[in-house]
Each structure stands twice: as structure tokens, then as C-alpha cells.
Amino acid sequence: MSSGNDRLSLANQDLVATGGYQPLLARTRTFHRPVGPETYNCVKLATVRDGSAIVYSEFGEKHAKVGDVLLLGANVLCGAQPEGHVTVTVIYLDLDFILDQFFWQYIDIVKDRFASQSVADTIYTEPAQLMGLGEDRIGMLMPWLDELVALSVDGQYRERFHRMQALWHAVIDQVSPFIHVSPTRTLPAQRARTRPSVPRGRRFAPLRAEARAVRELLASDVRRAWLLSELSGAVHLSEKQLVRVFTNAYGKTPLAYLTMLRVEEMARLLRESGVSIAEAGNLVGWVSRNRAATAFRECTGLTPGRYRAMQEKSL
């Protein structure tokens, strides 16, 4: 079965078009038809410029309008149902790029660059957030967003590095007060410690061979009841090593990632075929309709029935 992750992401398509890699990339697009649910292996910050949409992710179903900003962590499913149309500017941010900035922002807490991920996970615990900044504040962001898009389209990241950094920092400076963070204690015993290792390849898709091979195995047959022992054996790692390597690359354990792939495929079946919800769940590997419905709602914020109804309404 195919998966949305088998296709180049919109960001990666843009990278191919510009002929190079940019850890910071911005695009403005207008959508008239339903989008997703889909996932990207990068952080996304989407600003609603015009129109409105019903947005759904792990936070459930919410109404997004002009003045709102959506923040999505890497490998988090999200979809949208435009109400007529919705125009958004999306900033795509490489995870390592964000973690480097996080390290310097929280240098009093994070004593080791390689601990940035684990400490960030304790502060930013919500995988998806929809924030209401208001039209006036969004209006202030527009010139910065437009210039960031123009520089991205022209592939000017290296040549205009400092300007693109300045624009990004100006945007996030206005958005960050609205981001929900969890209170953290900074006792030495609570500071995350990890053994230094080589950072993952700097692309929107990780390059660690074992992680990529396991993802390809999972995507090749999402219906199969994969066991950790099978997956670890295929890439010659222990189960513990595999979980660490895969989670470092994709932000989820292999089996949690399989659940996400199944939900993506189930959503496609509900959109593109007339199969029942129970049949769709069975086709992606779940025998129990309740298990399928629970997983779907946990990943997308919608019940399968609500998702199908939204798709039918858009036709």
C-alpha cells in the first residue's frame, strides 16, 4: 500500500526545484480542496492570511481564520478543510536547525547540544497548537513573511543567510509568546543527558540508513503485524538500539510510526473509496473497528465518520 510519506513532501519538491537544500523555507499557497491528513519530517509554522478552514490534528478539530497561526511538530498528522478557500504562508524548519537555536536559547538548562531534543520535549509537550494572534498582529508579520517567501523562492538562503535569519527571528519573536510551554524544573538531576553522537543528516528526511530501511519496510506493508524483533533483525540492530535510532530520526517508535502510516492509508481509503469504516480499518491491518477508530482519532483529532462526512461535504 502507498503512503503519503512515499511521495516527496511539498517542501522537498520545492528544494528540488531550487536545486539545493534550505533548512529554512517559506511558501504561500491558497487551498480550495481538503488537505491531508499528512505529515512532514520538519517543523511547520503556518499563518492564515485569508479565508478560513477547519483544521484537525492531535488537538482535535478547530476553526482556523485570519489571525491564527498553526504550529506543528515533526511527524505529526494534520489536515484541513477549507471553508471556500484558505491562504496560508508556511515556514518549513529543519528539526536540527530548530534544536540548534533551542540550545542557545536555553543554554542555562541545556549543557550539551546533544541533549537539546530531550529537554525540548519536556518544554514543548504539545505536538500541534493553533494560536490566535489576531488580525492586527498578523498584519505586522505580512511584510516579513512575504520577503521570506521571496528569498526562499529565489534560493537565496546562503547569499541572504543573515537576512533570512533576521526575518525568521522577527516572526517567531511575535509568535513565541502565544506558544504553550510546560513548566520545567532545572535541578541538575533533571537535566537531560545523552551520549554525544553524530547529528542526523541535514535534510527534511533523515539519512540514517537503518531508520530509513525500517520506515521503508513499514510503508511497504502497513497491514502486516510487524514485530520489533523482525524489524531489528532486518537492519542488524538490537530492539533497544532500533527504537533509539528510529525515534531519533522520526520522533516516534517504529510501532507508533506504523500506526501513523495506517491512519494515513485509512484516510485515503475513506476519501477515495466506498468501503465502510470497518473495512478501511481492516484493510490497513486492524481487526477491531474500535481500535481503528481510536487510532484514527488519536492521530487526526477526528473520528473516521466525521472525517468521511467532511470529505463528502466538499464534493
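**Exercise 1. Phe161 and its ring partner**

Task: Decide whether Phe161 is buried, partly exposed or exposed in this predicted model.

Solution. Start with the value. Phe161 has a relative accessibility of 32%. Buried needs under 20%, and exposed needs over 50%. Phe161 therefore counts as partly exposed.

Next, place the residue. Phe161 sits in helix α5, residues 161-175. Its C-alpha atom is separated by 9.7 Å from that of Leu24, a residue 137 positions away along the chain.

Task: Classify the ring pairs Tyr40 with Tyr92 and Tyr157 with Phe161.

Solution. The structure has 9 aromatic pairs. Take Tyr40 and Tyr92. Their ring centres are 5.7 Å apart, and their planes stand at 45°. Stacked needs under 30 degrees and edge-to-face needs over 60. The angle of 45° therefore makes this pair tilted.

Now locate the two tyrosines. Tyr40 is in the loop between β2 (35-38) and β3 (43-57), while Tyr92 is in strand β6, residues 78-93. The pair links distant parts of the chain, 52 residues apart. Check the burial of each. Tyr40 has 8% relative accessibility, so it counts as buried. Tyr92, at 3%, is buried too.

Then take Tyr157 and Phe161. The centres of their rings are 5.5 Å apart and the planes meet at 90°, so this pair is edge-to-face. Tyr157 is buried, with a relative accessible area of 14%.

One more group remains. Tyr56, Phe296 and Tyr307 form a single aromatic cluster.

**Exercise 2. Checking helix α6**

Task: Work out what span the 12 residues of α6 should have, and compare it with the model.

Solution. Helix α6 covers residues 209-220. The expected span is 1.5 Å times one less than the number of residues. For the 12 residues of α6, that rule gives 16 Å. The end C-alpha atoms are 16 Å apart, so expectation and model agree.

Task: Which residues of α6 are buried, and what do they pack against?

Solution. First, list them: Ala211, Val214, Arg215, Leu218 and Ala219. Next, look down the axis. These residues cover an arc of only 135°, so they lie on the same side of α6. Finally, find their neighbours. The buried residues of α6 pack against α7 (228-234), α8 (239-250) and α9 (254-272).

**Exercise 3. Salt bridges**

Task: How many salt bridges does the structure hold, and where in the chain do Arg306 and Glu61 lie?

Solution. The count is 7. In one of them, the side chains of Arg306 and Glu61 meet at 2.5 Å, N to O. Arg306 belongs to helix α12, residues 304-314, and Glu61 to strand β4, residues 60-65. The partners are 245 residues apart, so the bridge links distant parts of the chain. Arg306 has a relative accessible area of 36%, which means it is partly exposed. Glu61, at 34%, also counts as partly exposed.

Task: Decide whether Arg224 and Glu230 are buried, partly exposed or exposed.

Solution. The side chains of Arg224 and Glu230 form a salt bridge of 2.4 Å, N to O. Read off the two values. Arg224 has 35% relative accessibility, so it is partly exposed. Glu230 has 29%, so it is partly exposed as well.

Task: Describe the salt bridge between Glu265 and Arg268.

Solution. The distance comes first: 2.7 Å, N to O. Then the position. Both residues lie in helix α9, 3 residues apart, about one turn of the helix. Then the burial. Glu265 is buried at 3% relative accessibility, whereas Arg268 is partly exposed at 25%. Last, look for shared partners. Salt bridges join Glu265, Arg268 and Glu272 into one network.

**Exercise 4. Cysteines**

Task: How many disulfides are counted, and are Cys42 and Cys78 buried or exposed?

Solution. A disulfide needs two cysteine sulfur atoms within 2.5 Å. By this rule the count is 0. Now turn to burial. Cys42 has a relative accessible area of 1%, so it is buried. Cys78 has 9%, which also counts as buried.

Notes
Residues are numbered from 1 along each chain as its sequence is written. This is a predicted model: local features need pLDDT of at least 70, side-chain atom pairs count only at pLDDT 80 or more; totals for chains, interfaces and linings use all residues. Side-chain values use heavy atoms; hydrogens and water are left out. Helices (H or I, at least four residues) and strands (E, at least two) are DSSP runs, numbered from the N terminus. Buried means under 20% relative accessible area, exposed over 50%, partly exposed in between (1.4 Å probe, protein chains only). The arc is that of the directions from the helix axis to the C-beta atoms. Contact means heavy atoms within 4.5 Å. A salt bridge is a side-chain nitrogen of Lys or Arg within 4 Å of a carboxyl oxygen of Asp or Glu. Rings of Phe, Tyr and Trp (its six-membered ring) pair if their centres lie within 6.5 Å; planes under 30 degrees apart count as stacked, over 60 as edge-to-face and the rest as tilted.
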